Amino acid sequence: MNQPYAEVIGDPIEQSKSPVIHGFWLEKLGLPGRYDRHRVSVEGLAAYLTERRTDPDWRGCNVTMPHKLAIVPLLDRLDPLAEKIGAVNTVVREADGTLTGYNTDAPGFLEPLQPLLDQTHLFRMARVLGTGGASRAIVAALAERGFVVVLAGRDPAKARTMLDELTTQQDHHAIDLAHFAEPTDFAFDDREQCLDVIVNASPLGMTGQPPLPFDFTHAPPRSVVYDIVTSPLDTPFLQEARRAGFETLDGLSMLIGQADVAFERFFGVKPPRTFDAELRERLFA
């Protein structure tokens, strides 16, 4: 008897930790099923979806670089959040073979920040570095939670367009990523009762990529530094942030958070999050 399965697609895909996460939860729950990784090129994306539509055992897939934007027009419908963001990282096959796109990056990104978000702040600001598909979800999520967003990219015009598409307020800012590479002597005002978050939403710092150029004189006191890169987990960006005395969150925090939402859509049950510490140990092994 065939088992239900889901998978993660991208190019490259060997570095993905999603199979370990979903496989761990399937194991803990004793559920029949599997979760694979599958390399899909840009040219092969449409053919891949056409083939999977006809497989009743295929529950769907997670989507990573470079397909989060390109996959959107190939789907039959979008969840409202995915439609707003304009990027998809989870595809679910419905019983009739149609495909629905979701974005679980947004709730996954916010999950480890929730204890801070539950507090009251006079002001919230986020510096988001990078303008790719994951950045769209992060910007939308932060703006929704009351952050003023400073979005930095190699093309500030692209960053400005993204802010205009994803937010309704006009007080967000788009700047050149190079601005953060050089030291500053800017004197930050009193950050008591403020929440500052600095996010690397770019592939810079990922295995095989150059490091992220960021000088921590741009970080307000008590900032939370968050890097969504998962390979390596402890990026030079995070290491430097800790040396500078900042609290950090690694890419596993977001990866596990977004996987939680996707797993329930694929397999119909919530994952067993009481085993998160054991899961992290397995992912670090």
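Axes here are lines fitted to C-alpha atoms, for helices over the stretch in contact, and the angle between two of them runs from 0 to 180 degrees between N-to-C directions. The structure to which this is applied below is a predicted model.

**First selection: helices H9 and H10**

Select H9, residues 251-267, together with H10, residues 276-284. The two helices pack at an angle of about 120 degrees, and their axes lie 12 Å apart. Angles of 65 to 115 degrees count as roughly perpendicular and those over 145 as roughly antiparallel, so H9 is oblique to H10. The crossing of H9 past H10 is right-handed. To display the contact, show Leu252, Ser253 and Ile256 on H9, and Asp276, Leu279, Arg280, Leu283 and Phe284 on H10. By class, these residues comprise five nonpolar, one polar and two charged.

**Second selection: helices H1 and H9**

Keep H9 displayed and add H1, residues 18-29. At what angle do H1 and H9 pack? The angle is about 55 degrees, with the axes 10 Å apart. H1 and H9 are therefore oblique to each other, and their crossing is right-handed. On H1, select Ser18, Ile21, His22, Trp25, Leu26 and Leu29. Their partners on H9 are Leu255, Ile256, Ala259, Asp260, Ala262, Phe263, Phe266 and Phe267. Eleven nonpolar, two polar and one charged residues make up this contact. Ile256 deserves a label in the viewer, since H9 uses this residue in meeting H1 and also in meeting H10.

**Third selection: helix H8**

Move to H8, residues 236-243, and colour its buried residues, Phe237, Leu238 and Ala241. They cover an arc of only 95 degrees around the axis, which puts them on the same side of H8. An α-helix has 3.6 residues a turn, so residues three or four places apart point the same way. To see what lies over the buried residues of H8, add strands S7 (123-129), S10 (194-200), S11 (224-227) and S12 (247-249), which are among the elements that cover them. Just after H8, select glycine 245, which takes a positive phi of about 95 degrees.

**Fourth selection: valine 197**

One of the strands now on display, S10, contains valine 197. Is valine 197 buried or exposed? Its relative accessible area is 0%, so valine 197 is buried. Leaving out residues up to four places away in sequence, valine 197 touches Met125, Ala126, Arg127, Phe147 and Val224. A distance can also be drawn from valine 197 to threonine 248: the two are 51 residues apart in sequence and 9.7 Å apart in space, C-alpha to C-alpha.

**Fifth selection: helix H2**

Turn next to H2, residues 45-53, where Leu45, Tyr48, Leu49 and Arg52 are buried. These residues span an arc of only 95 degrees around the axis, which places them on the same side of H2. On the other side of H2, select Ala47, Thr50 and Glu51, which are exposed. The cover over the buried residues of H2 includes strands S1 (5-10), S2 (34-39), S3 (58-63), S5 (90-93) and S6 (99-102).

**Last selection: serine 135**

Finish at H6, residues 133-144, and pick out serine 135 within this helix. Serine 135 counts as buried because its relative accessibility is 0%. Which residues does serine 135 contact, leaving aside its neighbours within four places in sequence? They are Val128, Gly130, Leu151, Met162 and Ala201.

Terms used:
Residues numbered from 1 in each chain as written. Predicted model: local features only at pLDDT ≥ 70, side-chain atom pairs only at ≥ 80, totals over all residues. Heavy atoms only, no water. Helix = DSSP H or I, 4+ residues; strand = E, 2+ residues; numbered from the N terminus. Parallel < 35°, antiparallel > 145°, perpendicular 65-115°, else oblique. Left-handed = near helix turned anticlockwise from the far one by under 90°. Contact = heavy atoms within 4.5 Å. Nonpolar A, V, L, I, M, F, W, Y, C, P; charged D, E, K, R; others polar. Buried < 20%, exposed > 50% of the residue type's maximum accessible area, 1.4 Å probe, protein only. Arc of directions from axis to C-beta.
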